[in-house]
Amino acid sequence: MPKSKRDRPITLSKTKKKGKEHKESIVNSIRDAAEKYSSIYVFSFENMRNLKFKEFREQLKTTSRFFLGSNKVMQVALGRSASDEIRVGLHKVSKLLRGDSGLFLTNMPREEVESLFNKYEDYDFARTGSIASEKVELLEGPLEQFTHEMEPFLRKQGMPVRLNKGVVELISDFVVCEEGKPLSPESARILRLLGMKMATFKLHLICRWSPEDFELYKEGLDESDVESA
């Protein structure tokens, strides 16, 4: 009887090698960029939207480069301490790569970068688990924005609805979400149907490095926090 494919051992050496090579490629790309560009920023982000970020990145590709991904890999690329940093002072940048963050390397003037990041925001529909920015309550009565075909779907989202002469009707007041509380999958779907965009995709500058100086943007941080991080 031939041996089952399920019983054959699977080697992971190729997968591990490919993963290592990919990380090394990112490290080398960051190190090359650090030599090419005149300043480096760490930024954080809220409610990341990949398509919108791609558009923002394309807008700046002639003067700048972005890196997102593993903070650990980016830290290794820059150097984690004064003894292994690739340029003087970059270990301070490395220590601020925490949580949802990325690198922005550019030749743009500081004032232009600050203006772009501070002004940038894009509204979108909130996803499951996002925190509601306001309370949304629907009052008893007809919901004329919904067609009669949607009544079964609305009931599945927990809404107390019925059809009344072909019109979707709410038979009692219904709270879609409460301010400050996470959105359930049902709440997120209802908000989308209502056209309510609660999520704001934002970018926040954390610090700026250049060969001449280092600057912190985030309130509550000072250089002693960076050195001790």
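## Cores and aromatic pairs

Let's start with Val93: outside its own stretch of sequence (neighbours up to four places away don't count), valine 93 is in contact with Ile40, Val42, Leu78, Leu103, Cys207, Trp209 and Phe214. Bear in mind that this is a predicted model.

Val93 also turns up in the largest nonpolar core, a set of 22 residues. Ile40, Val93, Leu103 and Leu105 are the ones with the most contacts inside that core. Two or more residues each come from α1 (13-36), β1 (39-46), α3 (71-78), α4 (90-95), β3 (101-106) and β10 (199-209). Apart from this core there is another one, of 19 residues, with Ala126, Val161, Val176 and Ile190 among them.

Now for the rings. The count comes to 13 aromatic pairs. Two of the pairs involve Tyr41, and here is how they look:

| Pair | Centre distance | Plane angle | Class |
|---|---|---|---|
| Tyr41 and Phe104 | 6.0 Å | 45° | tilted |
| Tyr41 and Tyr217 | 6.4 Å | 20° | stacked |

Why is the Tyr41 and Phe104 pair tilted? Its planes are at 45°, and tilted covers angles that are neither under 30 degrees nor over 60. Tyrosine 41 sits in strand β1 and phenylalanine 104 in strand β3, so this pair ties together parts that lie 63 residues apart in sequence. Tyrosine 41 is buried at 0% relative accessibility, and phenylalanine 104 is buried with a relative accessible area of 0%.

The pair of tyrosine 41 and tyrosine 217 counts as stacked because its planes are at 20°, under the 30 degrees cut-off. This pair links parts of the chain 176 residues apart: tyrosine 41 in strand β1, and tyrosine 217 in the loop between β11 (214-216) and α8 (223-228). Tyrosine 217 is partly exposed, at 22% relative accessible area, because buried would need a value under 20%.

Tyr41, Phe104 and Tyr217 belong to one aromatic cluster, which also includes Phe43, Phe53, Phe56, Phe66, Phe117, Tyr120 and Phe201. There's a charge over a ring as well: the charged end of lysine 197 sits over the ring of phenylalanine 125, 5.5 Å from its centre.

Phe117 from the cluster leads on to helix α5 (residues 110-119), whose buried residues are Val113, Glu114 and Phe117. Viewed down the axis of α5, these buried residues fall within an arc of 95°, so they line one face of the helix. Glu111 and Lys119 are exposed on the other side of α5. What covers the buried residues of α5? The cover includes β1, α2 (50-59), β2 (64-68), β3, β10 and β11.

Conventions
Residues numbered from 1 in each chain as written. Predicted model: local features only at pLDDT ≥ 70, side-chain atom pairs only at ≥ 80, totals over all residues. Heavy atoms only, no water. Core = buried A, V, L, I, M, F, W, Y, C linked by side-chain atoms within 4.5 Å. Buried < 20%, exposed > 50% of the residue type's maximum accessible area, 1.4 Å probe, protein only. Helix = DSSP H or I, 4+ residues; strand = E, 2+ residues; numbered from the N terminus. Contact = heavy atoms within 4.5 Å. Phe/Tyr/Trp six-rings, centres within 6.5 Å; stacked < 30°, edge-to-face > 60°. Lys NZ or Arg CZ within 6 Å of the ring centre and 35° of its normal. Arc of directions from axis to C-beta.
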